Amino acid sequence: MTQSKLSILLVVLLGVPLAARAQLADACADLPYFKLQAVEITKSELVAAGTTVPPPYLGDPSIGPLPAHCRVDGVINRRKGIDGQEFGIGFAVALPQPDAWNGDFMMQGGGGGNGFVTYPTGANYSGDKPALTRGFAVASTDTGHKAKTGPFDFSFMRDQQAYLDFAFLANAQVARVAKQIIAHYYAKPAAYSYFIGCSTGGREGMILSQRYPTVFNGIVSGDPAMRTGLSNLAIAQWIPVAYNQAAPKDASGKPQVDKFLTDDDRKLFMGALMKRCDAKDGVADGMISDPLSCDFDPEVIACKPAQTGACIAPEKISAIKKAFAGPKNTYGSQVYPGFLYDAGITMQGGVSGLLALGKNGLFGPYTTATELDVDKAASRASDPLVEPASTNLSTFSLNGGKLIFFHGDSDPWFSPLDTLGYYKSLSESNGGSDKVAEWSRFFLVPGMAHCGGGPSLDHFDMLSAVVDWVENGEAPESVIATGQAFPGRSRPLCAYPKHAQYTGTGDTQDARNFGCQ
């Protein structure tokens, strides 16, 4: 053992008997010598208690302090691919001290195009305590490639194997390897295994339930990137084209989608929407708790003949209604679902609400086109290898698997109605809604943008919900949510088809005074 490793151990394990310190240090240090087929363990090191790590996404708070743990890094199937590039499924596993391990394994999903091995803390939708802090062994992966230009670098897809790894293979392989490392390190296998992810991670969770139904006991799939090609058709083409038809034009005659609505227009629109739908849950609080019953019609604020104030031009209202209805082909069939009228649709920022488009979208400038051939665009938008479309989850459910979905009502990238549509199809294919509710639940999150943010309560603990369901048989009827947008407020997120409703008495900031109905 090197002097530096010994120094780390003295800091990490102060107060632990000397023999136990040596045993734990050797167990971690020896992991690179643990042989698994097509697996290289490239590094293992003890990490001191109290360590704080950067978040996976800029703007989020740092994660920690973390407990002492052994971090293991490795690569599965290292190889040379297209253009001589090096590929392989990178992964990391964080192993709590043996006396702190709760006996379970949790894997965290990725985001965007992946390409990064994020620190395996298990902080995704786990409330105030990351999974690692709770005693879970945690794994993460880059799903088989290294991003070169940022989180939306999809250039790796030119390599067939890298594409397949990202589409559906990598997570199951990492789970298999992580379980073997866990069993070796603790001299016994994990009792239960969980997967939690949002966006790309949400899609990954769905893929795992469909293609690898016995790998995980519990899966949480948030705002899943189910049909990225079709959602991109909606947000990058259908919606801006609809707005362009009524947007003001620049000197060259090109529509300016960023000037489609003024700030006053958005304020007027939101005022009318909230007046109609905010208080349906019993209290006017800046949240629409039951968006599916929101019967707001933007026509109420369309300018009448000779009306000049407190209204929006009729052609703009028509464009908004067309945009939110979602793309349809020439036969009138829905190509991708519409979007909800919700409290976050005028938010501005990195991922702006659908009524606050800037000059650029996620992948560059918005189109200036005023016409769209939906049939042609839709024919090239689907990708069966990536899309988690199957509803036959009989093996997953019969094996005791539990599957939780959640989706932000103001998600401007993937419509919550698409995820809800899948959940309804799941019910139709598996014995009806009551039968499916025995192993799967769906939660809408009012005001929440894509995987967080917006005028919402976006801080909640889905990890405890799925663990209690798997290990204790306690199905989640509701999950308590809080958030920075509304300090001091809590609300229940209710399992579909129910929503949070004020009881009529007590503090309206307190979730205890709301029921699910």
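Which cysteine does a disulfide join to C198? In this predicted model, the partner is C451, and the two sulfur atoms sit 2.1 Å apart. Follow the chain and you'll see that this bond links distant parts: C198 belongs to strand β8 (residues 193-198), while C451 is in the loop between β13 (440-445) and β14 (459-460), 253 residues apart. The torsion about the S-S bond is about -100°, so this disulfide is left-handed. As for solvent, C198 has a relative accessibility of 8%, and since the cut-off for buried is under 20%, C198 counts as buried.

Now for the rest of the crosslinks. The count comes to five disulfides. Number the bonded cysteines along the chain and the pairing reads 1-2, 3-8, 4-5, 6-7, 9-10.

Take C28 and C70 next. Their sulfur atoms are 2.1 Å apart, and they form a disulfide. C28 lies in helix α2 (residues 18-29) and C70 in strand β4 (residues 69-80), so the bond ties together parts that are 42 residues apart in sequence. Here the S-S torsion is about 85°, so the link between C28 and C70 is right-handed. Both C28 and C70 are buried.

Further along, C494 and C516 are joined by a disulfide, again with an S to S distance of 2.1 Å. This one runs from strand to strand: C494 is in β16 (residues 491-494) and C516 is in β18 (residues 514-516), with their positions 22 residues apart in sequence. The torsion about the S-S bond is -80°, and the link is left-handed. Are the two ends buried or partly exposed? C494 is buried, because its relative accessible area is 5%. C516 has a relative accessible area of 27%, so C516 is partly exposed.

Let's leave the cysteines and look at helix α8, residues 314-325. With 12 residues at 1.5 Å a residue, α8 should span 16 Å, and its end C-alpha atoms are indeed 16 Å apart, so the two values agree. Which residues of α8 are buried? They are K316, I317, A319, I320, A323 and F324. Seen around the axis, these residues cover an arc of only 160°, so they lie on the same side of α8. What do they pack against? The buried residues of α8 pack against α6 (228-244) and α7 (263-277). Just after the helix comes G326, with a positive phi near 85°.

Terms used
Residues numbered from 1 in each chain as written. Predicted model: local features only at pLDDT ≥ 70, side-chain atom pairs only at ≥ 80, totals over all residues. Heavy atoms only, no water. Disulfide = S-S within 2.5 Å. Helix = DSSP H or I, 4+ residues; strand = E, 2+ residues; numbered from the N terminus. Buried < 20%, exposed > 50% of the residue type's maximum accessible area, 1.4 Å probe, protein only. Expected span 1.5 Å × (residues − 1). Arc of directions from axis to C-beta. Contact = heavy atoms within 4.5 Å.
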